[in-house]
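Here is a short report on a two-chain structure. Keep the sequence and the model open side by side while reading.

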Amino acid sequence: MQLLDVRNLTIELRTSETIIRAVDKVSFSLKEGEVHALVGESGSGKSLIAKAIVGVLNERWNITADRMHWRGVDLMRLTPEQRRKTVSQDIAMIYQDPSRCLDPTAKMFDQIAETLPENPTKGFFLKRNRERKDRVKALIHKVGIKNHEAVLDSYPHELSEGVCQKVMIAMAIARTPKLLIADEPTTALESTTRAQVFRLLKSLNQLKNMSILMISHELEEIAHWSHGIHVLYCGQMVEAGPTHKIFSQPRHPYTQALLKSLPDYEQGLAHKEPFYALKGTIPTLQHLPIGCRLGPRCPQAQKACVVTPKLTKHNGHSYACHFPLIKDMR
Amino acid sequence: MILDYILRRLGLLLFMTLMLSVFTFSISYLFPGDPLSNLSGVPSSNFAQHSELEDKYLYNSNYFVQYIAFLGRIFQGDWGLSFASGDNVFSHIVDLLPATLELSVYALIISIVVGVPAGILGSAYYKRWPDKLINSTTMVGYSMPVFWLALLLIMVFSLKLGWFPMSGRMGLLYEIPANTGFILIDIALAGFPYKGMAFLDALRHLTLPTIVLAMYPTTVLVRFTRESMLKVMDQSFIKTARAKGLNRRQLIIHHALRNALLPVIKQIGLQFSTLITLAMITEVIFSWPGIGRWLIDSIYQRDYPAIQGGLMAVSLFVILATIIAELTYTLFDPLSRNQAHGKV
């Protein structure tokens with residue numbers, strides 16, 4: 001069943017002079033139980049897409065989409081109140097900046113406890129209270145925090161960014177959502193807990209059939225267990241498709257460059273060997289090139305690239321390029 | 001940790017009081033006239049009296065010893081005699097300060113009770129008609145000079161409509177023994193037959209001065225609360241909490257209010273000094289027997305010991321109020337609780 005279906009999502013920022021199109025006609029869909037990844041450099045609009053789905057963007061951002069269906073219901077057409085109910089029931093998000101997304105004046109326990117779904121079991125006040133405490137404790141153990149008493153009794157500013165991140169994850173999985181949007185969930189974590197978090201997400205996906213939309217720029221981490229990858233560049237979807245196809249036969253020069261930039265540890269790296277990287281940097285939103293936004297940096301660019309390429313679809317693998325790397329295919 | 005903070009605050013209080021006392025002490029030497037009579041409040045005297053005063057005030061010792069003696073007298077309650085009345089300045093202050101405090105406290109309570117909810121309402125209906133109404137009303141109240149507002153209210157409500165008395169604290173019919181100095185409490189304590197009537201009369205006398213005095217802090221609080229609320233509601237943790245599934249009411253009560261009202265507490269403390277200043281003007285206009293009117297009268301009469309004492313009492317009070325507000329703010333705000341090093 002199609003869980004999330006987004007067509008031509010466009011996110012614009014109105015400034016006093018012009019309208020900046022930060023995300024340009026991005027389409028993707030997600031089936032139940034699938035893990036998808038949105039990858040791209042920072043500034044490519046990954047987080048914006050996630051926030052637009054959850055509906056937490058400021059009023060400055062103008063969001064338009066041909067459709068944004070959540071299990072057959074168009075989110076764009078709901079009233080804010082209905083939308084909040086639908087989203088909070090089924091979708092949870094792990095945010096990128098945990099310490100800013102937690103209330104600075106509330107203790108961790110209260111913040112986690114209020115995300116718990118209403119307890120159906122009736123009972124005495126004290127009993128219910130104890131149950132809440134146990135559930136919060138269980139959640140916090142699940143995300144790998146061992147000293148629960150100290151953590152639950154502290155304010156966000158007293159904890160490290162990593163612990164805050166874990167608390168955010170605990171809050172996100174508290175309601176066992178159908179879709180979990182994870183916006184770079186492991187940036188602030190050390191590598192052991194990072195592996196732990198990925199294991200947790202994987203098991204949630206496999207055991208509870210939870211769909212996950214991962215936003216990340218770490219390709220290796222998600223390559224093994226994601227079903228599909230969407231590559232974004234500067235707010236444009238450049239390539240999307242099943243993970244194995246993206247890895248084995250990238251059609252877009254940008255995807256190829258991304259894959260090439262991964263250090264290959266099997267071959268061994270020479271001392272101070274430079275990584276492969278595209279020349280130049282990602283353009284700022286005020287100075288976007290016309291046509292294909294990769295144009296100025298693309299090794300394959302030709303005259304035709306000043307026209308925005310259409311998305312070509314082939315066996316569930318789509319790419320937006322005038323000169324796809326078909327010759328590389330074996 | 002918190003004890004440490006309180007100790008630091010008390011240290012600050014001590015230091016500021018010290019500075020204040022040094023200033024007050026030096027005033028009697030800087031004022032025109034004989035420092036000895038400025039200190040004691042005894043005007044020109046004969047030789048025997050003069051030498052007696054010189055002995056008492058250690059006038060022939062150095063300034064430091066004189067200052068120590070001055071501190072000792074302050075603690076004993078011997079603040080000198082008023083030129084105008086010939087009575088002890090300290091007893092004047094004890095009589096008059098409660099009246100001012102009563103007025104200020106009621107005005108502050110009214111401004112909190114009215115201002116904070118109005119500000120929250122304004123932010124909840126941001127850019128819709130309730131917000132516009134509240135905003136324009138506060139703009140008018142904010143820009144209106146206190147003395148003018150007082151005169152207008154007297155004209156309308158006392159002279160035209162005759163609803164409220166024009167001046168004073170109490171009708172002449174009632175004789176209230178001053179126990180605490182707070183008139184409403186005194187009436188409650190007095191226990192005489194016409195208690196209810198006296199209470200009503202006192203309230204009627206209080207109404208106009210309280211409204212006048214409350215006007216400025218109320219408008220400041222409305223605007224401040226509204227701004228603070230809007231700022232907090234725009235922050236990402238509010239958006240996160242909303243996406244978590246909290247409804248508007250839960251959101252405001254659990255997350256927005258606490259964060260938005262913290263700076264408001266600080267603002268209330270800061271309003272206190274403005275309030276005392278405005279109270280002086282209000283007292284003069286409404287002939288309210290408070291310390292402000294007395295202080296202004298003393299300035300006109302060049303009653304130096306009275307100016308000195310009044311200044312000291314009022315400033316001490318403002319410092320105390322500021323520090324108490326600061327302490328409350330710190331008790332409520334987990335973020336500033338850790339910053340033990342104080343700032344004023």
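The report takes chain B, then the chain contact, then the domains and strands of chain A.

## Chain B as a whole

The model is predicted. Chain B has 14 helices and zero strands. Its pattern along the sequence is therefore α repeated from start to end, as α-α-α-α-α-α-α-α-α-α-α-α-α-α. The C-alpha trace of chain B spans about 85 × 55 × 40 Å along its principal axes. Of the 344 residues in chain B, 35% are buried. Take the contacts in chain B between residues at least 6 apart in sequence: 70% of them join residues at least 24 apart.

## A helix pair in chain B

Helix α12 of chain B covers residues 291-300, and helix α13 of chain B covers residues 304-332. Their axes come within 9 Å and cross at roughly 145 degrees. The crossing of α12(B) with α13(B) is left-handed. On the α12(B) side, the contact uses I291(B), W294(B), L295(B), S298(B) and I299(B). On the α13(B) side, it uses A306(B), I307(B), G310(B), A313(B) and V314(B). Eight residues of this contact are nonpolar, two are polar and none is charged.

The numbering in both lists fits a general rule. An α-helix has 3.6 residues a turn, so residues three or four places apart point the same way.

## Where the chains meet

How many residues of chain B are in contact with chain A? There are 17, and they meet 20 residues of chain A. On the chain B side, α10 (236-243), α11 (248-286) and α14 (334-337) each supply at least two residues. Helix α10(B) gives the largest share, seven residues. The chain B side divides into six nonpolar, six polar and five charged residues.

Is α10(B) mostly covered or mostly open? It is mostly covered, with seven of its eight residues buried. The buried residues are F237(B), I238(B), K239(B), T240(B), A241(B), R242(B) and A243(B). They pack against elements of both chains. From chain A come α1 (46-54), α2 (80-90) and β7 (91-94). From chain B come α9 (195-233) and α11. Just after α10(B), G245(B) takes a positive phi of about 110 degrees.

## Two domains in chain A

The domain assignment of chain A gives domain 1 (2-226) and domain 2 (250-330). Their centres, taken over C-alpha atoms, are 29 Å apart. Seven residues of domain 1 of chain A are in contact with five residues of domain 2 of chain A. On the domain 1 side, β2 (19-31) and α8 (219-223) of chain A are the elements that give two or more residues. That side holds three nonpolar, two polar and two charged residues.

## Strand pairs in chain A

Three strand pairs are set out below.

| Strand pair | Sense | Bridges |
|---|---|---|
| β1(A) and β2(A) | antiparallel | nine bridges |
| β3(A) and β10(A) | parallel | four bridges |
| β10(A) and β11(A) | antiparallel | six bridges |

Strand β1 of chain A covers residues 2-14. β1(A) and β2(A) form a hairpin with four residues between them. In this pair, E12(A) stands opposite R21(A) of β2(A). Strand β2(A) also belongs to the domain 1 side that touches domain 2 of chain A.

Strand β10 of chain A, residues 228-233, has partners in β3(A) and β11(A). β3(A) runs over residues 35-39, and β11(A) over residues 236-242. Toward β3(A), I229(A) is the bridge partner of A37(A). Toward β11(A), V231(A) has E239(A) as its bridge partner.

Strand β10(A) is mostly covered: six of its six residues are buried. Which residues point each way from it? G228(A), H230(A) and L232(A) point one way, and I229(A), V231(A) and Y233(A) point the other way. All of them are buried. In a regular strand the side chains alternate between the two faces of the sheet.

β10(A) and β11(A) form a hairpin with two residues between them. In the turn, C234(A) has a positive phi of about 55 degrees.

Note on methods: Residues numbered from 1 in each chain as written. Chains lettered and ligands numbered in written order. Predicted model: local features only at pLDDT ≥ 70, side-chain atom pairs only at ≥ 80, totals over all residues. Axes fitted to C-alpha atoms, helices over the stretch in contact; angles between N-to-C directions. Left-handed = near helix turned anticlockwise from the far one by under 90°. Contact = placed C-beta atoms within 7 Å. Nonpolar A, V, L, I, M, F, W, Y, C, P; charged D, E, K, R; others polar. Domains from an automatic or database assignment. Buried ≥ 20, exposed ≤ 12 C-beta atoms within 10 Å, placed from the backbone. Pairing = 2+ DSSP bridges.
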